[in-house]
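Please read the points below with the sequence and the model side by side. They are meant for someone coming to this structure without any background.

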Amino acid sequence: MFNEKKTDLISWLLLIGVLLLILELSFRGGELIFIFALMAGCIYIGRKKMPRTIGKVLYWGGWFGLIITLLNMMAFKFVMIAVLVYLVIQFYQSKKKPSVIEPVVQNEEDSRLSESLFTKQPLFKNILYGRQQTPDHVYEWSDINIQCGIGDSVIDLSNTVLPDGESVIAIRNLAGNIKILVPYEAAVSVHHSVLAGNTTIFQLHESKIFNQLFHFQTENYQEAQQRIKIVTSMVVGDLEVKRT
């Protein structure tokens, strides 16, 4: 019963938060998008110009402006208050009804029906800031699905053996550059969404892009033995896909 009430409470808090966000965007949508894009641009340019003084000013000024903008949002204030209230309720309930851990006995039939799961070490991690790249030596391939704050990602597929079928690279980035080096024998499909930046895919180059969505695919992609599906999205930054 308590778990059901807890789920209902979370659902209501999320619903109210979404409604407040929609209301705020309806009144200040253009202003907020402009401010977020401006602050992200300052952070990105500032990082490029570090350690010069102008770079430090732009970088930390962008972060300061971004935080102040978030703190002034009505939806963000509600979420912070709701999280605090929820934690207080959780603490009160844990003191009132402490949890009891009971052993779970698994019968033979359930054991036969269970599946073995194995953990694989991912090549990349979700990060808020920094640069990531594949190893310079030979490595085992694993599909990539990450989201990053600010930083560059470099993926070189020349040091690995791609399996037959489709290999997936999915990257969501706030600000930064993505560079992907793919082998000549592999077919490639690229889905790219960007607010502001440049895009280079093989011989095609698009500069000074603003709020665009691209989808490119090499010939006979579905019939190829090795296929690489690239899905990227970013607010500010450049995408480069080239053969190696």
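1. Which residues line the largest pocket? The model is a predicted one, and in it the lining is made up of I33, F36, A37, A40, W63, L66, I67, L70, L174, L195 and V235. The space in this largest pocket comes to about 290 Å³.

2. Sorted by class, the lining of the largest pocket holds 11 nonpolar residues, with no polar and no charged residues among them. Helix 1, which covers 2-49, and helix 2 each supply at least two residues of that lining.

3. A second feature to look at is a nonpolar surface patch of about 380 Å², which is made by F64, I67, I68 and L71. I67 belongs to this patch and is also listed in the lining of the largest pocket.

4. Of the patch residues, L71 can be described further: L71 is found in helix 2, which covers residues 53-71. L71 counts as partly exposed because its relative accessibility is 43%, a value between the cut-offs of 20% for buried and 50% for exposed.

5. The backbone of strand 8, residues 204-217, deserves a careful look at K208, which is found there and has a positive phi of about 50° although K208 is not a glycine. K208 counts as exposed, because its relative accessibility is 77%.

6. N211 is likewise found in strand 8, and N211 has a positive phi of about 50° without being a glycine. With a relative accessible area of 53%, N211 is exposed, since the cut-off for that class is over 50%.

Conventions. Residues are numbered from 1 along each chain as its sequence is written. This is a predicted model: local features need pLDDT of at least 70, side-chain atom pairs count only at pLDDT 80 or more; totals for chains, interfaces and linings use all residues. Side-chain values use heavy atoms; hydrogens and water are left out. Patches are made of residues with over 30% relative accessible area and no salt bridge: like charges are joined within 9 Å, nonpolar side chains (Val, Leu, Ile, Met, Phe, Trp, Tyr) within 5 Å. Accessible areas come from the Shrake-Rupley method with a 1.4 Å probe; for residues, only the protein chains shown count as cover. A salt bridge is a side-chain nitrogen of Lys or Arg within 4 Å of a carboxyl oxygen of Asp or Glu. Helices (H or I, at least four residues) and strands (E, at least two) are DSSP runs, numbered from the N terminus. Buried means under 20% relative accessible area, exposed over 50%, partly exposed in between (1.4 Å probe, protein chains only). On a 1 Å grid over the protein atoms alone, a cavity is a set of points where a 1.4 Å probe fits but cannot get out, and a pocket is an open set with protein on both sides within 12 Å along at least five of seven lines; lining residues have an atom within 4 Å of a point. Grid points are joined across faces, edges and corners, and a volume is the space filled by probe spheres set on the points. Ala, Val, Leu, Ile, Met, Phe, Trp, Tyr, Cys and Pro count as nonpolar, Asp, Glu, Lys and Arg as charged, and the others, Gly among them, as polar.
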